[in-house]
Amino acid sequence: MTRQRLDTLLFLGPAVVLMLAFFVAPIAVNILVAFSDMNQTVWFEEFPTTQQFNKLGKLDPEAFLGIELRGSFYRALALTATFVFLTLFIFNVTFALVLALTTTAVPERMGAVFRAIWLLPRMSPSVVYALLWLWVVDSTERGLLNQVWMLFAAEPLNLRLDHPMAVIVVANGLIGASLGMIIFTSAIRSIPEHLFHAARADGAGSMSIVRHVVLPALRWPISYITIYQALALLVSFEYIFLIMGPARSTMTMAMLSYTKTLAPGIGGGQYAYGAAIALILIVIGIIVALLMWRLTNMKSLLQRPRIEVN
């Protein structure tokens, strides 16, 4: 028993320490700051206090759920929900699945080259990727999209002003689809070949094979990508900030928290206010994770194996 405990401590000890240091401790510090009045220094006068949460909304028996949200916070919630939903289901899951199906249907070497090319934006610095997007959606005739558009129309497009949500959804989606593409590709290649041969022998077409052979085998990868990418998108603001800046039209909750804390010249330094927003985002993330865990039945994936090897 002592040897077993030592082995457990040896193998799980470092992981537990890292989890406490990089996951639990930041959340604890965030809770501490959220219930304080901390601004640009590490000192605060009032603790505990709910004044930061009072900036986000107030109790109102006549309001929905009994809380009347502040306009900017309500808009940030709506933008976050729209951004996460569209990016997740259009690109991170659906488009990633299409890429995986396409690259596994062509010869293996050609599919590998295509996947490698698609991974280039993810391997490049974020600033470089954002600069390319700024060139693509440039509102002048120098923009790549406008160079094509003006061949058919006289007036150039200003997508950052007229369709800001479309810009950040596509920009984040195209680079985010690469993770799902790799995982779905690996899962498709692990399907036994005889299942495909049997389906073709029974007269099944390509779409029938995808529906009855491939998709059932991808149930768990799709569930994992859905949960993981949903949580990642909830706290994502890097490409939004680099492409759109602190624009109100794309001010998601993660962006709002960043601008209130660390963005110089545009409201930064309100550490307690930003921590309060981040705390609400953490709670939303936990709720979303639990709901998706339940809906996708992930518990059955992580159950103990039925075969024990001694």
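This passage describes the largest pocket, a nonpolar surface patch and two leucines of a predicted model. Local features are given at pLDDT of at least 70 and side-chain atom pairs at pLDDT 80 or more, while totals for chains, interfaces and linings use all residues. Residues are numbered from 1 along each chain as its sequence is written, and side-chain values use heavy atoms, without hydrogens and water.

The largest pocket (on a 1 Å grid over the protein atoms alone, an open set of points where a 1.4 Å probe fits, with protein on both sides within 12 Å along at least five of seven lines) has a volume of about 630 Å³. Its lining comprises 21 residues, of which I27, V235, A278, L281 and I282 lie closest to the centre; a lining residue has an atom within 4 Å of a point. At least two lining residues come from each of α1 (2-34), α11 (219-234), α13 (253-261) and α14 (271-296), helices being DSSP runs of H or I with at least four residues, and α14 provides the largest share, seven residues. The lining consists of 17 nonpolar residues, four polar and no charged.

L10, F11, L12, V16, L18, M19, L20, F22, F23 and V24 make a nonpolar surface patch of about 1,100 Å², where patch residues have over 30% relative accessible area and no salt bridge, and nonpolar side chains are joined within 5 Å. L20, in helix α1, is partly exposed at a relative accessible area of 44%, whereas L88, in helix α3 (residues 71-105), is buried at 1%; buried means under 20%, exposed over 50%, and partly exposed in between. The C-alpha atoms of L88 and Y228 are separated by 10.0 Å, although these residues are 140 apart along the chain.

Conventions: Points joined across faces, edges and corners; volume = space filled by probe spheres on them. Nonpolar A, V, L, I, M, F, W, Y, C, P; charged D, E, K, R; others polar. Patch = residues over 30% accessible without salt bridge, like charges linked within 9 Å, V, L, I, M, F, W, Y side chains within 5 Å. Areas by Shrake-Rupley, 256 points an atom, 1.4 Å probe, with all protein chains shown as cover. Salt bridge = Lys/Arg side-chain N within 4 Å of Asp/Glu carboxyl O. Buried < 20%, exposed > 50% of the residue type's maximum accessible area, 1.4 Å probe, protein only.
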